[in-house]
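Subject: Handing over the two-chain structure

Hello,

Here is the structure I promised to pass on to you. Please open it alongside this email, and I will take you through what turned up.

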Number of protein chains: 2
Amino acid sequence: MDIKLTTGITLQTSKGENLLQALKKNGIYLVSSCGGKGICGKCRVRILEGKSRIASPGKLEPRDIKAGITLACQTVPRGNIFIDIPKESKLVIGDRIALSKSGDLLELLKFLEANISPIVRQITLTLTPPTIEDNISDLERLRRSLEEKDMIGMRFAHEFVSSIAQSLRDSEWEVTLGYTVGNDVVYISPADTKKDRYGLAVDIGTTTVVVYLANLTDGALMDTGSTYNSQMRYGDDVITRIVYATESGGLNELRDAVITDINDLSSTLLERHSINKEDVESVVVAGNTTMTHIFWGLNPAYIREEPYVPTVNFFPRWRAETAILKANPRAPVFTLPCIASYVGGDIVAGVLASKMHRKSEIALFMDIGTNGEIVIGNKEWLVTAACSAGPCFEGSGIRHGMRATEGAVESVNIDPVTFEPALGVIGDVKATGICGSGMIDAIAEMFLKGVIDQKGKFVKEIKTDRIREGFEGPEFLFFRDNSREVVLTEVDIENILRAKAAIYAGVSLLLKEVGLGFDAIERVYIAGGFGNCIDVDKAIILGMLPDIPREKFFFIGNACVTGAYLCLISKGLRQEAGIIASKMTYIELSVSRGFMEEYMSALFLPHTHMRLFPTVKKMLSDSK
Amino acid sequence: MDIKLTTGITLQTSKGENLLQALKKNGIYLVSSCGGKGICGKCRVRILEGKSRIASPGKLEPRDIKAGITLACQTVPRGNIFIDIPKESKLVIGDRIALSKSGDLLELLKFLEANISPIVRQITLTLTPPTIEDNISDLERLRRSLEEKDMIGMRFAHEFVSSIAQSLRDSEWEVTLGYTVGNDVVYISPADTKKDRYGLAVDIGTTTVVVYLANLTDGALMDTGSTYNSQMRYGDDVITRIVYATESGGLNELRDAVITDINDLSSTLLERHSINKEDVESVVVAGNTTMTHIFWGLNPAYIREEPYVPTVNFFPRWRAETAILKANPRAPVFTLPCIASYVGGDIVAGVLASKMHRKSEIALFMDIGTNGEIVIGNKEWLVTAACSAGPCFEGSGIRHGMRATEGAVESVNIDPVTFEPALGVIGDVKATGICGSGMIDAIAEMFLKGVIDQKGKFVKEIKTDRIREGFEGPEFLFFRDNSREVVLTEVDIENILRAKAAIYAGVSLLLKEVGLGFDAIERVYIAGGFGNCIDVDKAIILGMLPDIPREKFFFIGNACVTGAYLCLISKGLRQEAGIIASKMTYIELSVSRGFMEEYMSALFLPHTHMRLFPTVKKMLSDSK
């Protein structure tokens, strides 16, 4: 039986299998907090055509059911079926690529002209079996055979040597040896059987952790998993994590939290594909500098103290064992190099995935995640800076702020006459809060319709009950019912303006540092999960993105994990990552002359200097 | 107050300190099983001059007390004192060098023209402190500073990197780095304070374990410790250990046993000198191939199976952490390379200490320990073989055999007329058994006085009650009292003849392999604790040692630990050890044509061909 998706993909399903299982088997993961028991009501899909048996409607409301919504875990197709997976049902992170399966990434590899060349190399050796006349030790026999192939200086770890006597005899002296560029031997296996080779690419985000499982023989992406970073219970942003690690001595707790996240995801992936952890022969990790330090158990204290010095930017290739990862203990772990305390390996990975470092055109790379990092450059040069935008777009510090999950207002339209808002809510449920893209929409709309002025203050002349005096000052009421209200306060708006001003000023200043204007930018890559949801027009009205032609903007999703995956697969791309990191010039904005001026100018909607936002200016005059 | 010893050494003692403590403080260790409580009665010394206060006579007999014997732990000098330490009171192993302190070893180093060049090298770096303009990471700063000194490719272990942020700041950016030849960084310390540098040299014998503590700054031997190898509870010889490790799955038990022995000895040494385990920066271990494999937790199974292949001969420089040793976890462990399954690193160490590999003269090196290994050669060439002599000289398989401890018959003289034996017993106590040197003496005497014939059988014509029929056949009664008898049976004699024949045949065959005769041997080095007690004349009568001029024989004590110590101190000598191991040719006697013939001929007293033993022949004709 077939399951056809509105995305154009068709999957196979077996009789009796429910939709949740069928989708999962094909690498498509739905939110299912209860694990497929029909309780959480998260794995909603819409049946467009075809028959199915529905065990229970779960928590679905009558109008949902009327609209064809059903819970995937409770639904067993009775024949071919055509379904739509609403955005909110998909696991938010990595789903873009998970849905398109590994095809996209293999395309990217092809585009990058990357050979499949994993971190662990292989050599096959045929040893002469020992005799009483030639009874040198097993290790010397192996070394002799390597020397015959001009391979000298191999480093043999103790546990490896512990196993060779048996391995060599079991494989009848014909072996395949896995080793790293640093000449550390990783494994030995019989030469005649095809060795399974797997790798993990890990994106350690401040908010989310994503793991990709790759087949290193053909480079295929086999599966993905993602979860929130459990470190969140210790604070939302990197600064609170550093404080927790250093002042409360919580470094190991934070480390354990994220390692557990990664291992839980890996375990699920390995179990699902019946992969032995010993066959995970290499791992790539990418994260911002603080996340990378915590992952390796390095005290991040000095990242936060002037002159902002990380302990390591270019990490040695330590072993999976050292990181306590679920993999062959000797598997090398390649860590994407960091640039500085606030521009990490995630950005290097992102730039790599964007390919901007290979082109002549000047591009702007923006990663708007828990923080904001920007890169400008091309194949000749790259400059970067961190904008202390803060995590407000992820809901932190905003009265009714929340992440982009069910119940979040994600789009807003305001009636120019009545000032009544029309809300787009994730999951088509009642609003429970407002997420980053909702905030951008809301502020842009309020500004465009004259509800707030250029400074983000409510316009007193507006006649609407929606504006009221809250306990923090004036606020706009977007939604209310008996149990819940959703507002944006002037204080919220101030916070959002500060965040967007930090980003815009960062880009602006970075351009100035290299003597260019916004018009020099030929392409803008917007990376990060949040980036994908942004309405470019609204973000320009907000003054967060520069007012340049819309066709220059490209959303590239989770470029960090893509970059990590590329490094897992290709030697050339690992080297490119190193080159990117080496040649990228870091500009410390906080000490740059002119930053405060740029920032202050950007605190307005869209900007103090309206000439910088010609299309917004026109829009405003058109709307009057 | 002074303590003068009959060996010529004078030591200082403080008021109130007992002799056991005073000797220990000066590196002289007495047997004191009870730990100095006056109970075991082992730490006997003889006072020749001077007054002392004796707390308790302990278990001493009136005749001991009359002879000036006292227990060192119960005796506090009241002024200058002159004492003799009976042989049986000294800790048997390593005492020779412990008594002469480190002077001998430093002399040896001087003789060998060895510089003090420990395994861990040092470099001092002055780093530029970070600023906002120069805020590369700590590790890159360290690397940059190393590169300025043309040092590239350093390998930084994870735990090391974990500590550098603090270390660099604590030492105000002026640091001393300790690293190995393999470019693994071992430690970092402030440049302005003198770093304590210590090392351990370990001899892992089948029967005994010896640890030397060295100061790596000046090369001085600071202290020594020795104990029986606790693996003995699993069997006396290497074969029973291999069987236990492989067939009973007891590898880890055996490993734990010997590691615990080494660590117990090390702990005592470190505590005594208030040394921090982190400051033990390198370790050298030497042992036979089986002991070395077990030490590293490597399955010794294939050592015992034809074609007798060890897993490793040349061991990688693994870390102290891997060996679970009490030292800096990153301290490199240098393992003396092994030659083959039955000629190990102990022999390489012994040859190194003997210096035979540096001279033109052809020398014979014999290590008669639990097994017998022999080396013949000079600076041009070296050949080696193992003789399966078995552990009978250590008492194993001999009815009343025992090790050379109190109560062991160590010398025998037989009256040519009455055939009554006069016994030398260790500790001047009643005989409880017979040790290796006693066996050699006894058989040589019995043969010389006509009690046994050339085949080792009792001569029926001899009129003495000492020869009687025991339950195993004929035996000679050396000692009896109400509670105890000490005999040598014909079966015992057969065993001993087999052992001595194996040794002699080994030497003989090895000489034949290189086309030389016994007269070509210019010097014989006898190594091993047992070797030191042998009466050369008697061993020649037995036919264990070749009948060559007595002045060619040299006893060199525990050459294994000496060699290990030399490797700990000097890079040149480590390299020499490697060269010795590489150029030594191993001859597998068990498959050599002619071995059985040689062996059978050597089963006689002293040999089938009396022409090979001209002085014994003369002695026999003189005694007739």
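For the comparison of the two copies, superposition was done by least squares on the C-alpha atoms of residues with pLDDT of at least 70 in both. Please keep in mind that this is a predicted model. On that basis, a turn of 179 degrees and a shift of 0.0 Å along the axis lay chain B on chain A with an RMSD of 0.1 Å. The two copies are thus related as by a two-fold rotation axis. As for how they meet, 100% of the interface residues of chain B are also interface residues in chain A, so the copies use the same surface.

Now for chain A as a whole. The chain has 19 helices and 27 strands. Its radius of gyration is 27 Å, close to the 25 Å from the globule rule for 624 residues, so chain A is as compact as a globular protein of that length. The C-alpha trace of chain A spans about 100 × 65 × 45 Å along its principal axes. Of the 624 residues in chain A, 61% are buried. Taking contacts in chain A between residues at least 6 apart in sequence, 67% join residues at least 24 apart. The accessible surface of chain A is about 24400 Å², and carbon and sulfur atoms account for 50% of that.

A good place to zoom in is strand S16 of chain A, residues 363–368. Six of its six residues are buried. In a regular strand the side chains alternate between the two faces of the sheet. Here both faces are covered: Ala363(A), Phe365(A) and Asp367(A) are buried on one side, and Leu364(A), Met366(A) and Ile368(A) are buried on the other.

What does S16(A) pair with? Strand S17 of chain A (residues 372–377) runs antiparallel to S16(A) and is joined to it by six bridges, with Gly372(A) as the bridge partner of Ile368(A). Three residues make the hairpin connection from S16(A) to S17(A). Strand S25 of chain A (residues 523–527) runs parallel to S16(A), with five bridges between them, and there Leu364(A) stands opposite Val524(A).

In chain B, you can follow a whole sheet. It is open, has six strands in the order S26-S25-S16-S17-S18-S27 and shows mixed pairing. At the edges are strands S26 (553–557) and S27 (584–586) of chain B, each of which pairs on one side only. Neighbouring strands of this sheet are turned by 20 degrees against each other on average, direction ignored. Helix H12 of chain B (residues 345–354) packs on the sheet and touches S16, S17, S18, S25, S26 and S27 of chain B, its direction making about 135 degrees with that of S16(B). Helix H14 of chain B (residues 490–513) also packs on the sheet, touching S16, S17 and S18 of chain B, and its direction makes about 25 degrees with that of S17(B). Within the sheet, S16(B) and S17(B) are antiparallel over six bridges, and Ala363(B) stands opposite Gly377(B).

One last residue: is Ser117(A) buried or exposed? Ser117(A) sits in the loop between helix H4 (103–111) and strand S8 (121–126) of chain A. Buried means under 20% relative accessible area, and Ser117(A), at 19%, is therefore buried. Beyond its neighbours within four places in sequence, Ser117(A) is in contact with Ile569(A), Ser570(A), Lys571(A), Gly572(A) and Arg574(A).

Best wishes

Notes:
Residues numbered from 1 in each chain as written. Chains lettered and ligands numbered in written order. Predicted model: local features only at pLDDT ≥ 70, side-chain atom pairs only at ≥ 80, totals over all residues. Heavy atoms only, no water. Pairing = 2+ DSSP bridges. Helix = DSSP H or I, 4+ residues; strand = E, 2+ residues; numbered from the N terminus. Axes fitted to C-alpha atoms, helices over the stretch in contact; angles between N-to-C directions. Contact = heavy atoms within 4.5 Å. Buried < 20%, exposed > 50% of the residue type's maximum accessible area, 1.4 Å probe, protein only. Rg over C-alpha atoms; globule rule 2.2 N^0.38 Å. Areas by Shrake-Rupley, 256 points an atom, 1.4 Å probe, with all protein chains shown as cover.
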